[in-house]
Each structure stands twice: as C-alpha cells, then as structure tokens.
Amino acid sequence: MEPKQNGKQPNADNSKKKSAAGKEKGVNEVEDPIDDQLSVSKGKAVQSIKQPHEVSKGTPADPASDSREGDNSSVTGSQKDDGASSVQSDGDSAELDLFLQELPSSVSDFIIDNLPQSAQLDVAKVLVSRNITTVAMLGLLDDSSCKELAPLLSDRANLIFLKAVGRNCSSARPLKRRLEEGGGGSDLPSDSVGNLQAKFKAKFGMAIPGRYTVDTQVLSKIKKDELVQLTECDEPGPLSAKRSRIVIDPNMKSFNTEDIRLPRASVNCEAAHVALCLTRFCLSAAMLGKMSPTQALVYLARLFELGERTSVHAIKSADLGMRLEAVRGGNSDVNVSLGHKLACGQADILAACQAESRSSTPYSGSNAQSHRARNRPQVDEPCRQFARGRCRFGANCIYRHDKSQPRQGEDGKEGSPKQQVDQNLSSTEQLDPPKHAPKRVTIPNPGGKSVATPWTRSSLDTIVLQSKVGLHKTGVGRCEDYISSYLTAATACLELDSEQEFSDFRNGGICILPGEEPPLTNQQASFGQRLGELLLNEGAAAGLTALIEKIKGKPTKEQANSVENFALAAASGARRSLAVELGPSIVEREAGNSIYCSLLGTIADRLQLKDIEFPIICQRGLPLGIDVAIPYTNLYPRFKPKKQEEFETPEIHTNYKSMMLPEVREKADKIVRDEEDKGYIQRLGETDLHNEARTFIRRAAVPKAGSFENGVRIVEDFKRSNTNLHSTIPNTARLPSVSHLRQLISSLADATSQSTAKYRILQFDLKSAYRHLGIHPSERKNVSFTHTFLDGNTVAYENKVLSFGHSGAAYWFVRYANLALSCLELILRATFSVSISKPFGSYMYVDDGFLCIWVEIYAQVATVIIVFWLLLGSGLSCDKLRFNLTEGTVVGIRIDIRDSPCFEIDPAKTEKLLADLRALVSSECISEQKLASLAGKLNRYASLRKYLKPYLQPFYGLLAVMRKLGRPAAACPRKSEVNITASFFIDILSDPHAFHSVGPIQRSLDGYAGTMLLFTDASTRALGG
C-alpha cells in the first residue's frame, strides 16, 4: 500500500466514475533526478494522493474535476435524474458524447453531474456551435453574453443552466488567464487571491475590496520578500472589477472579447495618491500575512507623521528606505516579520529623511502658501527650487529668490553639470548602498565634523543623507566633496574586509593558529590533562598505541579491525571511569542519538567552551525548524536561504526509478535493513501511516565512484518534497578553506628553515556522520519515506536521525564536530604542550579530519584522538585511517610536508577537469548538472591560483541564469564567453607547468585584493546559450 503525501488514504468509494464522454483520469510520471533531462513542475502542492488501484490509466483530468469527491460522486447524471420527464434516446446520447468531447473535461463532468438530461445536449450544442470550448472563454460567459446566446437554445428555460456553466468556469478559471487579461504574469497558484481574501475575512471579519489591493504580479513580489516600488501599487488588484467580456455576433457566427475597464482618471492630489498606493501595499501585505492590520496602520501613521512636518517627497523617500531595509536584511533578526520591522524599526531612516527635508520645499496643499507665509519665518538662504525653475510658492516662499543667477531651463540653457548632478542626487530612491561590516569607522562629513558611527546598511543611508544635508546648507552643490566622502566610506569598508581576511582563520575547531593560543586556565589545564591521560592510559592498556606505531599509511584489513576493537575497548573503559567520577547520567543516550550528549556537555562545560547549549538541544533531539523552532545562536553566522519556489508534489508517492534498478535493489535492501537494525529508522504502524501531517520524501540511488558496482548511496530529495522550503534555519556553519589549510601548515613550520619535516600526518573519517545525531520526535513525521523490497513488499519508515540533504543537517553536524574538535584541541594542549610549543595542528572539513602531529609524540596523540571520538559515540571508518605519513590529501588538495610544505591539486582530479572542459568545447552545450560540477572543479583548481578566480564568472553566471529560468541545458557556441573561457582553461591545463605546487601562506606576508563583480540581467545568448 502506497502512503499519501499528506498522510490521508483515499476511500475507494469516493473515486469518480467515468463520464459520458468516456474521459478517464491518470497520473503523470516524474523523472528521476539523476537523469540529465530532469523536468519537475512547480506549483501548488497537491493535498490529496490517490492509491494506484484508485486511479485509472489515461490522460490527467482537469484539477477541478478531481476536487469533487464524496459519496454522491459515483452517481451518474442519469441516476440523479431518474425522475425527469424526458429520457434521452441512444441517438441523443451519442450526439451528446460528440459535443462533450469538444469541451474541457471539467466542463463535461459539470454538465453530466449537474444538468438535467433535457438540458445537457441543448447547452453543449450551443457552446460547441459557437466555438466556446475553452475554460478561459467559458469563464467570460456573463448574464449579457448568455442572453445573446439564448435564441440558439431549443428551450429558453435552459438559459439558467447555460449561466451555471459560465459561473462554474469563471470560479475555476486558471489564474494565468486572469493575469494575462490584467497585463502580467505571476507565480502565485491558481485561485490563491480568492483564498487569501477568504482567509483574511475569516480572521478579521471583513474582506479587503479589490480596488484596495495590488496586482497579482506585485502580490507575488511581496510574497517573495522582494522590493516593490510605490509606482507598482498604482494599479488595483485582479478582484477589483471585471476587465473583459464576450461579445457575440449572431450574424457572423463569431465572438471576441471586449475591454470594459473604465479609463483611469488623472491624479489631482499627489498626497492622496501616495497615501492610496501605500494603503494598497499595506493591505496586500496584510492579506499575505506579512503584517497585521495594526502594524499596517502604525506604519502609515509613522509615514504621515513625517509628511506632516516635511513633504510628500520625504514620505516616498522614507517608505522606500524602510521597505528596502526590511526586505534586504537591515534588521538583525530574520525571524521578525515585515510588519514588525516597518511598524517598530528603521527609526534612523525616518530621522535622516526628516533632516534632509528641512532644507527642501515641503508639499503644498490648497492652503499651503498662506500657511507657510503665516507660520514660517523667512530664511536668508537661496531657494534651490527657484534656481531650477520649479518653485511653486512665488512671493510666499520663505527662501530667498536670487534673480541675478540664471535659472535652469531659461534661455534654452540646461544648467551647469554640478546642478544636474545635485538634482540627480536629490532622491534617495536612486541610492542602493552596498553591504558593510559592522564596525565603528570615521566618515568625513562635507558639512563639517567627522562622524563616528557603527557601519551598517542603515547607518550608510544616514551618512549619505547627512552629507547631502551638509551640501544643501552650504548653499553650494559641492558634488566633488560628496562623492569623495562616499568613496572614503567605501574604502574604509574594503579595509575592514581586508582585516577580517587576515584575522579570520578557521580550522573546524577553536579556530586559532598553533602558537597563538591564549594560555589555558587552571580549570582547563587540570581537567584537560586528567582526561587526556585517562584516554592515553586506556588506549595503551588496550594495545592501541603500540599498534599505531607499527602502521605506516593505509592499514591492512586485519590492522583496521584491530584498531577498531582496541579503540572501542579503550573508549568503553574511559566511559566507565568517567561515569564513576561524573555520574551515571553521562552515559545515557536519548532521542535516537548515538553520541553521548550529556558527556559531551559535561566535557565542554569543564573546558569552559562557549557552545554548551548544543548538547542540551541534542539530548532532546535536534529540531528541523518545521514543527520545532531551531534556537538562534550568536556563535555562528546568520543563514540567508536562497529563494526557492514550491514544487508540486506527485499525486502518488513513489521513489525515483533508480531505486528499482536491478543492480541497485539488493544493495538498497541491505542498507535499509542495516539502518533499521542500528536504530536509525523505524517502521510505521497503520495509525502513523494515516497521519495527515506526515510528509513522505522521495529517495533515489546514486552510484559510488561512478558505478553501482562500487556501491550504492541512497539520497533523499528534501528539495522537491518542499521540506527544505518549510524549514526555518537561523544559522549556518562556515567551513574552512584551502587558504586556511595553507595558513595552518605555515604556522607549524620552523621559524628559521620553514621546514615541517618533524611532523607526521594523521587522517580519519567519521563513519555515517549525520546518522549519529537524533531528530526531535515531533519532527520525524516530516522525514518519512517508503521502500519496496525485492519480494514486492512496500514498507513505510520514518527517520530517527539526520539525513544528508536536509538544509539543517549540515549545520547541526558541523556544529557538533566543531564543539568536539574544540574539546579535543584543549585536551591535547593540556596533555602534550608542556614540553613542545606546537605539538599538533588540526583541520576538519565536515567529517574529514586532518592533523599534523610532532613525530616524537605521534602515537600518543593519535591514540587520544581516536579514543576520544569513540568516547563521544561517533564512529570511525578504520579502513580510511592513514598513519605516520609525510603526504596526504584533504578537500582535493595533496599536501607534502617532508621538507618545505607544498600544495597541489590531485592530478587525477585535474585530468578529469580537463576532460570535462574538452567535452564542453566539442559539444558546444552542457547540462545544468554538469555545469555545476564543472564550476566546482574549476573553483577547486583556482583555490591555489587566486589570479584565475575572475575567469570563473562566466560559468557561474550561466549556471545562475539556467537555474532561474529552469533550463535543463544550454548551448555554448564557439563565440560564447563560456566556450572561449573553457578553451582558455584547456590551454592552461595542457601546459606542463599547470600542475606545479604552491607553498604555504605566511599570514604576515599575505596580500589581499578586493574583487568587485557587477551583475546585470542578460540574455542567455550573451552568457553562452
């Protein structure tokens, strides 16, 4: 039995019977994501899923017909009308079938199910005879057009049934057609505007009139948190009035549509027009749930309060600045709603706009001139509006009109360049400031003293406006000073970025270079040394230390098994000893966790680390941000999710076709059974299967190393199930880069000889990394799946642990690995740094560990590292361990530390990159999947050659356009930028010197060059396809 996507099981009695026209309903197949020509439809998620035995084969029917389910839906039109006075003959039935086949399936079903037999043929015949056979045209049937068709009916009494067909199609008419009539397109699902109106009325007791909402295109932008210009709110929404009608010519037997919208009246009062546009935006945002009506009123009150003392221009500037700040991340809390930001925040923008407008001409109403002359004193400053020929106050203006100066536009003169630039800079709507680092900097003010301010986007707007005010108050438009101050501010920000580049070292742990660590506190030194000696003694007693001394490079299968057994025994002994000292609760595991959260939390607390909150959260089960919120922490950067459209979920839940391949099924069965035995997943009972809130994730099989013979990896598609879209992730984890790895090795080198010959490499890989962290029990229903075994039995499961592919899984695991590695670094420093200043250097990229260890204490340090990870409950892939090496590979970079350290790209990966580039140039086309892979490989190659980074822009630019437009492939002709750049990289990689190695980075000698990339919307041909 296949579960529904939303958990409901459809009732077999509710399935619709075939209509008189013989139409049947079916199900679309969805392609596998690993196919090159993947095509997935986006739209509103389907809320009901039928079982395979309940769905007939054939062409999918209209959605409107599928929605009418119930006990009476299986009753045909003839059964409903048993009491009718007239019964159709076989000839009439055949004729009716012919006419119904010309109509949409939803209309045919409506006629059969709702119209009496005496009216079915009459209505269908009239519609087909006049070629009114589409849902769009049927939706335009109003009372007047139906009356024009009435003479064609054999029975005028059937007019009411003709109107019923028109009204049914009008309510079900796709939104796309309505938007085409309104002059725009939108990605909002059909009938969503009406649903939003209904929800708003149900919540607040009153629907918003259509003329007070914005057009559907603008509604879509508000929904996606995009900036909406005030001019876009000038057009009323799609529900304001009917925009067209059918006009039928009975003589010519034709029809057409007629635009019946009234012409727009001219705007006489600018203030009222601005207020109406603002009201449309606020009410539309309230209808979308972006703000409450109260927040909308407060926001309008703040703007009108500003305008009361300034001008309409100030209202426009403040509105644009506040909404721009709100949608582009001006507020520090991403969880704050748009309404709260506008109603309670952005006070600095209001103050800046008020300060700017003090030297501007306020808006004048009908009595503005007398009000200004009566209540405002004269100011001995020249009137800038008069100099431009735009002053409307004449003798009543409070500013001095200097007639000796030529005004702009007089005698055919355009004015000086400074005047034109000053006029262009008079509107803040033209300013879109860049991002800046939050640090106090000093900004020179052309009007006088320098200004020290925390550097944020909001403060940039304030500084720009203050600079402009200073220019206005001087009476001279010193444009050069203004531009100079702006460039000074931009230079200061680049310098701040440069400082962060130098000081921002990351290694996946404490993120401090060896030799620069602060001294350990007494508590850190005491507890770290005791724990390190405990792990070392247990490992030595189990024989692990002696075994490590004998292994060089990759261990044999017997050695790997011995390492695992010895390390597990040492970890168990250490855990028992800690339970005696710290209490038995530290060895308890809950919520599906394989790691000992209480033990990790106790160690982190004793070592005085900051992130002691993670073990507490993990012990209860990690939330996914769907039903249980993920707490925000200031220890990690904020997560800025990419905008993603909601995918249409398949009507019947099935896995991708790759899961049913013959070479995959047996291996996939073994993986599922192993995970069930380990407690990673659990079967669902009948009650859990019918939970309406349950979401099932489609799974696919991906080959390892390019072939299923090498193994199978099962991935879950959290993207197309909309699970990632519905997850709210407040933070993200920053991973170390190749530059950080080069800095780490450089810090270990001898200060005189720059040699690292006294270090040896240890590499390890955490086994089933994500699967060791449990999910909160309330979130498990959101990560369910099904599996069909070889015997044909389909079983439903739910994940108890994190899965690769979910947007929150990587953040949670990296946060765990960072905390664990930070603990390990302090333990190693407390245990081994007494005699050696730099005993080790650590680097961890997700689940891959890389350490350089002083050769004299190598076996002891390696013992502590291996036992510690197993002590916490993590698993190690012992066959992937590498011991006592002078060279190794991490993140695709080969490292040699035998003498002077050097770094180079793995030659095998470079050869693969060269082959991909040649394939692109010869075929002159590329798929989206292959382009993403190629761009990643080029980025890895350029990580050791920074001067090649700018040449990656064409590849990433084309990739962005393809994803935005939904193109599965793109052409790359020989004259395209992508093809030319690919040929350039082929020449580089074909050169014998292309594979030369590079040295480490000494931070004191490291240079920094900021790169500015300017992007504009361009055609796909300009980018290569």
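**View 1. Residue pairing between strands S17 and S18 in the predicted model.** Val890 has Ile893 of S18 as its bridge partner, and Thr889 stands opposite Arg894, which also belongs to S18. These pairs sit in a predicted model, in which S17, spanning residues 887-890, and S18, spanning residues 893-896, run antiparallel to one another and are joined over four bridges.

**View 2. The hairpin of S17 and S18.** Two residues lie between the strands of this hairpin, and Val891 adopts a positive phi near 45°.

**View 3. The two faces of strand S17.** Along residues 887-890, Gly888 and Val890 make up the covered face of S17, whereas Glu887 and Thr889 make up the uncovered one. Val890, on the covered face, is the residue bridged to Ile893, while Thr889, on the uncovered face, is the residue opposite Arg894.

**View 4. The open sheet with the strand order S17-S18-S19.** Three strands form this open sheet, and their pairing is antiparallel. Because S17 and S19 (902-905) stand at the edges and each has a single partner strand, one side of each is left without a neighbour in the sheet. On average, and with direction ignored, neighbouring strands of this sheet are turned by 25° against each other.

**View 5. The segment of residues 849-872, annotated in UniProt.** An unreviewed UniProt entry carries the annotation "transmembrane region" for residues 849-872. In the predicted model, the chain over these residues is 62% helix and 25% strand, with the C-alpha atoms at the two ends 16 Å apart.

Terms used
Residues are numbered from 1 along each chain as its sequence is written. This is a predicted model: local features need pLDDT of at least 70, side-chain atom pairs count only at pLDDT 80 or more; totals for chains, interfaces and linings use all residues. Side-chain values use heavy atoms; hydrogens and water are left out. Buried means under 20% relative accessible area, exposed over 50%, partly exposed in between (1.4 Å probe, protein chains only). Two strands pair if DSSP finds at least two bridges between them. UniProt positions are given in the numbering used here, feature names are shortened, and annotations may be inferred rather than shown by experiment. Axes are lines fitted to C-alpha atoms, for helices over the stretch in contact, and angles run from 0 to 180 degrees between N-to-C directions.
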